[in-house]
Amino acid sequence: MVNTSQENYLEYRGRFKGLMGWLTSTDHKRIGLMYMYAIMFFFIIAALLGLLMRIEKIAPGQTIMDAQTYNGVFTIHGIIMIFIIVIPGLAAVFGNFFLPIMIGAKDVAFPKLNLLSWYIYIAGAIMGILSQFIGGGAPDTGWTFYVPYSAESGTNVMFALLAAFVLGFSSILTGLNFIVTIHRLRAPGMTWFKMPLFPWSLYATAWIQVLATPIIGITLLMVIAERTLNIGFFDPALGGDPLLFQHLFWIYSHPAVYVMILPAMGVVTEIFPTFSQKPVFGYGAIAISSLAIALVGYFVWGHHMFTTGISYWSRWFFSFLTFIVAVPSAIKVFNWISTMYGGSIDLKPPLLYAISFIFLFMIGGFTGLTLGALATNVQTHDTTFVVAHFHYIIFGGMGFAFFAGIHYWFPKIYGRMYSNRLAYIAWGILFVGFNLLYFPLFVIGIQGMPRRYFDYLPQFQTGHVISSIGAFILVAGLVVMFYNLIYYRRKGEIASANPWKGVTLEWQIPSPPPLENFEEIPVIKDKPYTFDNKEEKASTGN
Amino acid sequence: MNTSTAHTDHYDPESSKIGMWLFLFTEMFLFGGLFLVYAVFRNKYSADFHHGAHELNAFIGTFNTVVLLISSMTVAMSITAIQKKNRKLAVNMIIITIVLALVFMLNKYFEWSYKFEYKLYPGSPVMMNLPQGEILFYGLYFMMTGLHALHVLIGIVLLVVNIFKIRSGKVHHERFSLLENSGLYWHLVDLIWIFLFPLLYLVT
Amino acid sequence: MFNGASNLAEGVDKTFVFIFIIAFIFIIGLTVFMIYTLVKYSRKKNQKAKQFRGSVKLEILWTVIPLVLVILMFYYGWVGFAPMRQVPDDAMRITAIGRMWEWEFDYGDGKLSSELVLPVNKPVRLDLVSEDVNHSLFIPAFRVKEDVVPGYDNYLWFTPYYIGDYEILCTEYCGLLHSSMVSKTKVVEEDKFEEWLANLEARGDIPDPPGLVLLKETGCLACHSDDGSRLVGPSFKGIYGMERIVVSDGEERTITIDDDYLRSSIIEPDRDLVKGYNKGLMQSYRKELNDDEIDQIIEYLSTFTPEGN
Ligand code: HEA
Ligand code: HEA
Ligand code: CUA
Ligand SMILES: [Cu+2]
């Protein structure tokens, strides 16, 4: 199937050359990379803001910035990280690049719309950044925009709200594109249950994007109306209801956390079979559990509002469902581990990151359960325990899955190899730094250290200092990792088409892939993840 | 087999239709959020909502409903026309649709400016002094009809684009996804109005 | 182990312990198992992978076991939580008022205190009232936390077990000085409490001048001191008739503080910025205060002459 007659997508010259060639390209691979570069850029900004917060918190009282600046910093840190980085995140980068290839298509269903989504994304991201500089000063509401404060704050909240709205629009269009792509463009013979699991996870994600995002859209518009027109839906002085906002916000934002994690789960699901040379364990269970997470995830939003005074039985109900939604995640974890069992395991950097993903995700997940239990939520709600929970699950989960994915697909994307040695070193520093940074926040959170605190009581200092030290170590790890990837992107050894002996379709075409992906659309006969048909038939007898 | 040229723009009406339906879903959810807010406040302030609905001019509302319903029909007729290769009829039907849309907007304009004359607009002192439930009712009224009007405007733009594309032959009897999808969009605009109308004007 | 400072602590702490034990077993267990797998089936030793695709038995097993465990966790959480909403009838009632960025406790009869003083071993119910935005009243030692939402009646209750001082924190982000919105609970012997309450001056008896009441209620004093110290904004000390360098439209000019300037400072704080302060810190109070109220504030502030107070 390997063909060399076509130019690869990196070298291809269409109507425009150089940068313009990228900015006008409707090729899903280029768009995927364009998302990646944009996301990396914003990640570095937002991460440095995180570092600034850690420096500020190295001692009680003011150290490097005043309270107003601190409030602005965690707000924009949260907004960039959530709306600009992790929500589009893996789906936009790896989804765009690999979804069509993995289902044997030449592109997504609507290539032009795909490019448009990127531009809308960039417009939203730029608005988010601009909100820092124009008007009444950097927004200071937190990424959750809770009213009444967000309707009253004198800062430039409007722009941030609009930015989130625009980004939501881009997210909807990407989701829509993926759903149609998966419905219409699967290669002949690829039935739903022959589709690899990364596309499955994207499918579940896309439905959440399409069905949940409009709710946040209208909610943000209502806050905008509140600020500009004094409409008062959420203003108790005019009869409005501040809790209504929280309900609407979380109806979207809870499913949104699964928008972040599902593609990440999809990525690691690709990695375990390849490096164990063994079919994925429990294919059906993993696919169905993605859908289950997406479905049940709609009905647990109230767990962010346990202490707002909602009724006794709503607390009961939301807590119960929160626990139910944990079970599909558990199923996935068990299946991943079993995929490795009995394999021929090659502990290359992608697998190392994928395993760390499981470890950190377990910690994040179990602390999520702690938050979901009514009694313990009372103690931990809005403390650094929550902060640690979601950094473990977002950065430790989604972030590490991204690192795993980029190390896995790097040779495919660039046609070159990075240095394994540097990758291991970076991983070591990163892993230690990460745990030092976030683990202490669990401890002081339980003791009563609230989140979004510029200042704190002296008894929490030890925890904060360890955490800040961890932040610096983490940064060092990231620098090594980025250096490794950026430098060897052009300078690395030439990679072969299938360096890891993977069996999904992306490994059957040259590295980097040709413009049209496939010279001839493949016809699918085997089950997915078939490494050794003979052996399998012999051992299972079917 | 085309090699090393740009991606061919492959045409799949089925895909476009699924895509459009998905998009319409998102639009319904967008308004759905507002309906939810409506339900909550209606529950809390039923007397005020009752009074607010009374103040709105049900005649203009009904008239506009009829206008939109007819326009939904004409847009459907234009799609049938293009399938039957009758380009002229198709264009004419679109033009009628646009005229009806403009009539709708004109009515909306009168309705709103009538309220503005009484200094009744969001944030105005008159409005701020109403009972709380009525503030919210009018807030919802302006927000919902405003957002709907925006959709009407977008619909008009889409239809105008279709006229040009039909004239230039880009949309024809074998390739009419654009018109079909614009028609779907127009039906959505109509549908949402069908929900808005009773909620704001009739239900008391 | 479970000797928390209030009656609610035990239920909460038990839930913590229960979840953490299970978490510990699973996290350590699965990690060890992964490492074992990595070593045992390393490609160096194991060239050939076994090709199997799953097992329905196992899938059922690891659906059911976690399901049972999470339902147990849920149950413990619920049991620990349930008493938090069942207030005993004999609970003492205090209203806790949250405003940007201070707490105030109303013991009835106009007796207000900025600290929460409580008799030991007596159930107490706090009714939570917000005067502006969302706050949340958190006393970590007692394991209680409920949000203080404007327009909503929320409450919490507990029985303090031990004499001592405990922190009160605000855990719902409420703007600039959210992290300074702290206070103290002082749990004392019952007779000491009675004594303290009897001595607590009823503010209702000598009413504050209306201007001061407004300043307090609106939260101005969070940013403006009356003793010359610089908080977020300039101090009100000696403000009336003082000269000020202000920046209007980017140009500096010197003005003398009078009624008009005070009024415009409240309605349009960003028009004439006091030199050395940033735009956007103080928001316009046009919505919150009507003309009469602003007049009362100005009247009160006009007693702050450089010679006087
Ligand atoms: C990617 C994002 C992501 C994901 C996947 C999750 C997953 C989960 N989250 Fe989290 N969460 C956030 C992001 C995420 N969260 C964010 C950003 C916030 C803060 C928002 C804010 O206020 O700013 C938050 C806040 C948050 C709260 C509110 C805290 C508060 O403010 O009071 C709660 C409460 O229930 C919660 C619970 C959970 C649970 C139960 C899961 C579960 O899905 C976890 C399931 C996983 C596991 C259970 C571990 C793996 C399984 C095993 C190892 C097998 C064995 C398992 C068993 C025996 C059960 N989360
Ligand atoms: C994707 C999600 C994500 C990620 C990755 C991070 C990453 C980090 N965050 Fe996070 N954080 C959030 C999402 C995220 N955060 C959210 C949603 C909130 C809530 C906001 C709110 O309350 O509203 C929050 C809140 C939050 C707080 C709590 C604020 C408070 O409540 O008071 C803190 C405090 O320590 C913090 C710190 C950090 C740190 C130190 C990092 C570090 O991990 C970052 C370390 C990385 C770097 C510093 C990058 C360095 C890299 C380079 C220098 C590259 C070099 C470049 C090349 C070679 C090209 N964050
Ligand atoms: Cu009050 Cu935070
Ligand atoms: Cu959630």
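Reader: Which residue is the single donor from the protein to the iron atom of ligand 1?

Author: In this predicted model, the iron atom of ligand 1 takes one donor from the protein, an NE2 atom at 2.2 Å. The residue that carries this atom lies in helix H14 of chain A. The donor is A:His389.

Reader: Which metal is separated from the iron atom of ligand 1 by 4.6 Å, and what are the protein donors of that metal?

Author: The iron atom of ligand 1 and the copper ion (ligand 4) are 4.6 Å apart. The protein donors of the copper ion lie 1.8 to 2.1 Å from it, and in sequence their residues follow the spacing H-x48-H-H. The metal is the copper ion (ligand 4), and its donors are A:His254 (ND1), A:His303 (NE2) and A:His304 (NE2).

Reader: How many residues apart in sequence are the parts tied together by A:His254 and A:His303?

Author: Both A:His254 and A:His303 are donors to the copper ion (ligand 4). A:His254 belongs to helix H9 (residues 242-276) of chain A, whereas A:His303 sits in the loop between helix H10 (283-296) and helix H11 (312-340), so the pair ties together parts whose separation in sequence is 49 residues.

Reader: Why is the arrangement around the iron atom of ligand 2 octahedral, and which residues of chain A coordinate that iron?

Author: Six donor atoms surround the iron atom of ligand 2, and the arrangement is octahedral because the angles they subtend run from 84 to 179°. For comparison, the ideal angles for six octahedral donors are 90 or 180 degrees. From chain A, the coordinating atoms are the NE2 atoms at 2.0 Å of A:His77 and A:His391.

Reader: Which helices of chain A hold A:His77 and A:His391?

Author: The two residues that coordinate the iron atom of ligand 2 are A:His77 and A:His391. They link distant parts of the chain, being 314 residues apart. A:His77 is in helix H3 (residues 67-86), and A:His391 is in helix H14 (residues 384-414).

Reader: Which chains have the most contacts among the two pairs that touch?

Author: Chain B and chain C do not touch, since their nearest C-alpha atoms are 11 Å apart. Chain B does contact chain A, with 39 residues from chain B and 43 residues from chain A taking part. In the contact between chain C and chain A, 82 residues of chain C meet 101 residues of chain A. The pair with the most contacts is chains A and C.

Reader: What area do chain C and chain A bury between them, and which residues of chain C lose the most area to chain A?

Author: The area that chain C and chain A bury between them is about 7800 Å², with 66% of it on carbon and sulfur atoms. On the side of chain C, three residues together account for 12% of what that side buries. Those that lose the most area are C:Gln51, C:Arg53 and C:Tyr173.

Reader: How many salt bridges and how many residue pairs in polar contact are there between chain C and chain A?

Author: One of the salt bridges joins C:Arg43 to A:Asp346, whose closest N and O atoms are 3.6 Å apart, within the 4 Å that the definition allows. The counts for this interface are two salt bridges and 26 residue pairs in polar contact.

Reader: Which element gives the most residues to the side of chain C that touches chain A?

Author: Helix H1 (9-40), helix H2 (56-81), strand E7 (144-148) and strand E9 (164-170) of chain C each supply at least two residues of that side. By class, the side of chain C that touches chain A has 44 nonpolar, 22 polar and 16 charged residues. With 17 residues, the element that gives the most is H1(C).

Reader: Which element gives the most to the side of chain B that touches chain A?

Author: Chain B and chain A bury about 3500 Å² between them, 73% of it on carbon and sulfur atoms, and the count of salt bridges between these chains is zero. Helix H1 (13-44) and helix H6 (132-167) of chain B each supply at least two residues of the side that touches chain A. The element that gives the most, with 17 residues, is H1(B).

How values were computed
Residues are numbered from 1 along each chain as its sequence is written. Chains are lettered from A and ligands numbered from 1 in the order in which they are written. This is a predicted model: local features need pLDDT of at least 70, side-chain atom pairs count only at pLDDT 80 or more; totals for chains, interfaces and linings use all residues. Side-chain values use heavy atoms; hydrogens and water are left out. Contact means heavy atoms within 4.5 Å. Buried area is the accessible area (1.4 Å probe) that two parts lose on being put together, summed over both. A salt bridge is a side-chain nitrogen of Lys or Arg within 4 Å of a carboxyl oxygen of Asp or Glu. A polar contact is a pair of N or O atoms within 3.5 Å; within protein, one must be able to donate a hydrogen and the other to accept it, and residues adjacent in sequence count only if both atoms are side-chain atoms. Helices (H or I, at least four residues) and strands (E, at least two) are DSSP runs, numbered from the N terminus. Ala, Val, Leu, Ile, Met, Phe, Trp, Tyr, Cys and Pro count as nonpolar, Asp, Glu, Lys and Arg as charged, and the others, Gly among them, as polar. Donors are N, O and S atoms within 2.8 Å of the metal (3.2 Å for Na, K and Ca); water is not among the atoms, so sites may look incomplete. Four donors count as tetrahedral if all angles lie between 85 and 135 degrees; four count as square planar and six as octahedral if opposite donors are over 155 degrees apart and all others between 65 and 115; anything else is irregular.
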